[in-house]
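Welcome! Let us take a friendly walk around the ligand and the residues that hold it.

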Amino acid sequence: MTANIKVAERKCYINGQFVRSGRQFAKINPVDGTVVAQVHEADRAMVDAAVRGARAALKGPWGRMALQARVDLLRKIAEGIEKRFDDFLQAEVADTGKPVSLASHLDIPRGAANFRVFADIVRTYGTESYHLDTPDGKGAVNYAMRKPLGVVGVIAPWNLPLLLLTWKLAPALACGNTIVAKPSEETPSTATLLAEVMHEAGVPAGVYNVVHGFGPDSAGEFITAHPDVNGITFTGETATGAAIMKAVAPTVKPISFELGGKNPGIVFADCDFEAAVAGMSNAIFSNTGQVCLAPERVYVERPIFERFVAALKANAEALVLGFPQDKATNMGPLISRQHREKVLSYYELARKEGAKVVTGGGVPKFGDARDSGAWIQPTLWTGLPETARTVREEIFGPCAHIAPFDREEEAVEMANNTPYGLASTVWTTNLARGHRVGQAMEVGISWVNCWFLRDLRTPFGGAKLSGIGREGGLHSLNFYSEPTNICVKL
Ligand code: NAD
């Protein structure tokens with residue numbers, strides 16, 4: 001149950017101090033509609049103070065810190081998250097309503113792991129060097145060195161709050177940057193707890209700042225438009241990315257964008273049927289479908305179409321929409337009533353566009369506190385044309401449209417016929433086909449017989465409208481640092 005969670009106060013963290021503001025907003029628990037936190041919204045002056053603190057820290061002990069000391073601090077932060085695992089877990093669950101079973105296996109462990117991964121990778125990060133011949137025969141040595149970008153603005157979404165925030169923070173800190181972070185207004189808590197962990201770990205004042213608030217005319221925009229912020233890393237909707245591009249244009253900052261998707265799944269008749277059903281069910285419904293990588297378009301080869309739809313329907317109907325702490329729960333609510341309105345508008349649109357509703361399509365009734373939350377039924381459709389908005393636009397809910405196909409080329413064409421290009425998942429036991437179709441996907445990450453699995457050193461990001469740049473491993477370090485080319489005449 002969630003009713004006994006007391007209302008937390010989430011302050012901003014600016015230049016090493018926890019700071020209140022004159023304006024607060026309430027964070028609502030989507031499980032039952034109760035207030036779980038009062039959040040201090042940063043005004044422009046507070047964002048300015050955070051940027052000033054971050055700038056000063058670049059010149060202070062942080063800027064002079066040896067790489068090994070920085071690496072040790074990253075490891076200490078990972079340990080700090082693990083020491084306060086239950087606090088992080090409770091805060092993340094209260095903000096998002098996601099099942100404890102999910103957050104305890106994914107969100108919080110990955111939050112800690114991100115710091116360890118980048119502590120390791122930064123130690124192996126080298127640069128190029130060349131010997132040049134010169135007319136006088138003495139030669140020159142030409143090498144590059146990497147410096148931090150400076151003050152990095154980190155803007156994060158609400159679906160995997162700690163995981164996605166630390167995915168950006170860890171490499172940015174590993175490279176020696178300082179941070180002004182804005183978590184989503186829907187998930188202010190774990191970013192604030194992380195400030196406590198950093199504080200205790202001895203991270204110098206100004207290195208990590210948290211400013212709470214919204215996007216336009218609030219902390220988000222104040223960061224992106226700030227002339228003294230040197231780079232922006234953002235995960236969120238494509239439309240928000242476009243707004244941020246405009247905001248950063250006058251101050252010409254580098255950007256790294258991980259944006260939306262409308263991801264395809266392709267299931268061939270030669271797949272391992274049970275594995276494909278389990279894999280696709282997990283991919284569609286995990287985190288209530290609020291995963292940027294989730295497939296909302298599923299293409300199934302005709303000979304197994306009816307059987308596959310029936311199996312997905314059975315899995316959707318077996319999902320347990322329960323209180324986060326209940327062990328049997330495997331699906332939580334959406335993040336908010338507002339987001340539910342958006343997803344429900346697509347449930348309505350699908351009907352208008354002529355979909356056959358295979359299962360779901362509405363709001364579940366519980367007869368308890370959950371009726372005040374943001375719950376929604378897992379939903380599957382068939383029968384829509386590829387031109388339907390339901391098939392083309394990102395919904396970000398526990399839903400998918402399933403369509404049959406007859407030929408491999410047809411499936412590839414339909415899968416790629418989208419302005420997005422984040423991820424895809426292909427299911428087949430034919431090795432050559434797996435590679436062939438996997439490679440033909442116009443996406444940043446293409447899975448074959450799996451989903452979400454990834455070595456954190458590999459590139460992650462989106463093609464087309466799904467992003468700009470790649471993060472992960474050395475790709476992150478390349479973004480969060482800037483090379484200086486040095487040529488020394490001998
Ligand atoms: P969102 O774009 O609404 O918000 C993301 C963040 O941007 C929030 O912190 C928000 O306050 C801030 N923001 C909003 N407007 C802003 C502005 N004008 N200037 C500066 N900041 C602004 O996204 P969301 O609803 O939090 O997250 C869901 C979206 O994120 C989906 O589209 C999903 O696909 C995408 N996403 C992508 C990835 C990826 O890796 N590609 C991962 C997770 C989520």
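A polar contact is a pair of N or O atoms within 3.5 Å. Keep that cut-off in mind while looking at this model, which is predicted. At Leu259, a backbone N or O atom lies 2.7 Å from a nitrogen atom of the ligand, which is within 3.5 Å and therefore fits the definition. Two further pairs involve oxygen atoms of the ligand, and the table sets the three side by side.

| Residue | Atom of the residue | Atom of the ligand | Distance |
|---|---|---|---|
| Thr240 | polar side-chain atom | oxygen | 2.6 Å |
| Leu259 | backbone N or O | nitrogen | 2.7 Å |
| Gly236 | backbone N or O | oxygen | 3.4 Å |

How much of the ligand's accessible area does the protein cover? On its own the ligand has 850 Å², and the protein covers 92% of that. The space that the ligand takes is the largest pocket.

Now for the surroundings. The shell around the ligand counts 29 residues, and Ala156, Glu185, Thr240, Leu259 and Glu394 are the closest. Sorted by class, the shell holds 15 nonpolar, eight polar and six charged residues. Three elements each give two or more residues to this shell: α9 (219-224), β11 (231-235) and α10 (238-248).

Where does the ligand lie with respect to the domains? Domain 1 (8-259 + 466-489) and domain 2 (263-455) both contribute residues to the shell, so the ligand lies between them.

Key: Residues are numbered from 1 along each chain as its sequence is written. This is a predicted model: local features need pLDDT of at least 70, side-chain atom pairs count only at pLDDT 80 or more; totals for chains, interfaces and linings use all residues. Side-chain values use heavy atoms; hydrogens and water are left out. A residue is near a molecule or strand if one of its heavy atoms lies within 4 Å of it. A polar contact is a pair of N or O atoms within 3.5 Å; within protein, one must be able to donate a hydrogen and the other to accept it, and residues adjacent in sequence count only if both atoms are side-chain atoms. Accessible areas come from the Shrake-Rupley method with a 1.4 Å probe; for residues, only the protein chains shown count as cover. On a 1 Å grid over the protein atoms alone, a cavity is a set of points where a 1.4 Å probe fits but cannot get out, and a pocket is an open set with protein on both sides within 12 Å along at least five of seven lines; lining residues have an atom within 4 Å of a point. A molecule sits in a cavity or pocket if more than half of its atoms lie within 2 Å of its grid points. Helices (H or I, at least four residues) and strands (E, at least two) are DSSP runs, numbered from the N terminus. Ala, Val, Leu, Ile, Met, Phe, Trp, Tyr, Cys and Pro count as nonpolar, Asp, Glu, Lys and Arg as charged, and the others, Gly among them, as polar. Domain bounds come from an automatic or database domain assignment.
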